[in-house]
Each structure stands twice: as structure tokens, then as C-alpha cells.
Amino acid sequence: MERKDKTNYYLDIAEAVSGRSTCLRRKFGAIVVKNDEIISTGYNGAPRGRKNCSDLDFCYRERMQVPRGQRYELCRSVHAEANAIISASRADLLGSALYLACHDAKTDQLDGAVEPCSMCKRLILNAGIEKVVIRQDENAYFTIETNSWIENDDSLSEDLSKGY
């Protein structure tokens, strides 16, 4: 019997968590792991008590034809990464890893060309999470060391960094 490696084991769990997503565009699942223990999980959906897009049967961003990766402030959902962070203590998050999986909600196909948005990157950094592992396909994944987001600060444009 061949045993699944731990990274794909955790990504399988993140993918299962994505099944709870209520987004009509993309279904994300995230889990936070530290010392081989799952600390928390999260999926994307409306804040507690509010109607989900799946309940409303429409997506505001889709109705307004907002391209993927833009205008997240119009989205009803709390992102999977944010929900996983909200559900854990900072002490547990320090030095942890976040595993992320995404499916296209319309085709149910795995979408491995994803990365946390700029808002989630800031949350991940402040939480003390050291790496993010993203599923690309059933066995492939890539890892982002979160320190790279500090070294390559995409929130600073060339013009801003020069003081213009």
C-alpha cells in the first residue's frame, strides 16, 4: 500500500473544506497546520447571519462584470484564508502553514492558478503564517514562503517607492 505524502494529505483536506463554499464563482478551502496538527479550517462564504450568494442565486461582482482578482470589496464573501485565520489563536498561527485549494464553481474543475489576494496576504503576514501551499492538480502543488511578500512588496508601485 502506497501512502499519500503529508502535503497532498493536507491539500486533500483543504479541497474537501472547499465543498462548503457558497461562492458562485470559485470555491476555496483553506486549512492551517502547525506541528502536523490542523489548527483551523476556512472556506469562502458570506459573514455569519448574512445570505450567501448561493442562497441569493447571484453574484454582485459577476452582475457588474468585474474581472477575476479585482474589486473584492464588492464581494459578499469572507475569503477562506481569512476565515481560517479568524478561527485560530495567533499563538497557534505563528510559524504555521496554510494549505489552499480552489475549484471553479461552474465547472467544478480544480483551479491551480490561484494565489491569496492582497488583503489575504496582509492577514497571512500579520498572523505569522510562514508558508502557503497551493494545490495545482491532484498531486502537484507550489509553496510560497510568506517572507517573499515582505521582500517583494507588491503594495508599493515604482512611483510610490521613489516618492513621486
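**View 1. Serine 40 is a buried residue in this predicted model.** Its relative accessibility is 5%, and since buried means under 20%, serine 40 counts as buried. Look for serine 40 within strand 2, which covers residues 37-43.

**View 2. The side chain of serine 40 meets the backbone of alanine 84.** Here, a polar atom of the serine 40 side chain sits 2.7 Å from the backbone oxygen of alanine 84.

**View 3. Serine 40 has neighbours from elsewhere in the sequence.** Leaving aside residues up to four places away in sequence, serine 40 touches Ala30, Ile31 and Val32, along with Ala84, Ser87 and Ala88. Alanine 84 thus appears again, as one of these touching residues.

**View 4. Stepping back, the protein chain contains 8 helices and 5 strands.** Starting at the N terminus, you can follow the elements in the order α-β-β-α-α-α-α-β-α-β-β-α-α. Of the contacts with a separation of 6 or more, 64% join residues 24 or more positions apart.

**View 5. The overall size of the protein chain agrees with a compact globule.** The radius of gyration is 16 Å, which agrees with the value near 15 Å for a compact globule of 164 residues. Along the principal axes, the C-alpha trace spans about 50 × 45 × 30 Å. Buried residues make up 40% of the 164 residues.

**View 6. The surface and the charges of the protein chain complete the tour.** About 9900 Å² is exposed, with carbon and sulfur atoms supplying 46% of it. The chain carries 23 positive and 25 negative charges, and their mean positions are 7 Å apart.

Definitions and conventions: Residues are numbered from 1 along each chain as its sequence is written. This is a predicted model: local features need pLDDT of at least 70, side-chain atom pairs count only at pLDDT 80 or more; totals for chains, interfaces and linings use all residues. Side-chain values use heavy atoms; hydrogens and water are left out. Helices (H or I, at least four residues) and strands (E, at least two) are DSSP runs, numbered from the N terminus. Buried means under 20% relative accessible area, exposed over 50%, partly exposed in between (1.4 Å probe, protein chains only). A polar contact is a pair of N or O atoms within 3.5 Å; within protein, one must be able to donate a hydrogen and the other to accept it, and residues adjacent in sequence count only if both atoms are side-chain atoms. Contact means heavy atoms within 4.5 Å. The radius of gyration is taken over C-alpha atoms; the globule rule is 2.2 Å times the number of residues to the power 0.38. Accessible areas come from the Shrake-Rupley method with a 1.4 Å probe; for residues, only the protein chains shown count as cover. Lys and Arg count as positive and Asp and Glu as negative; His and the chain ends are not counted. The place of a charge is taken as NZ of Lys, CZ of Arg, CG of Asp or CD of Glu.
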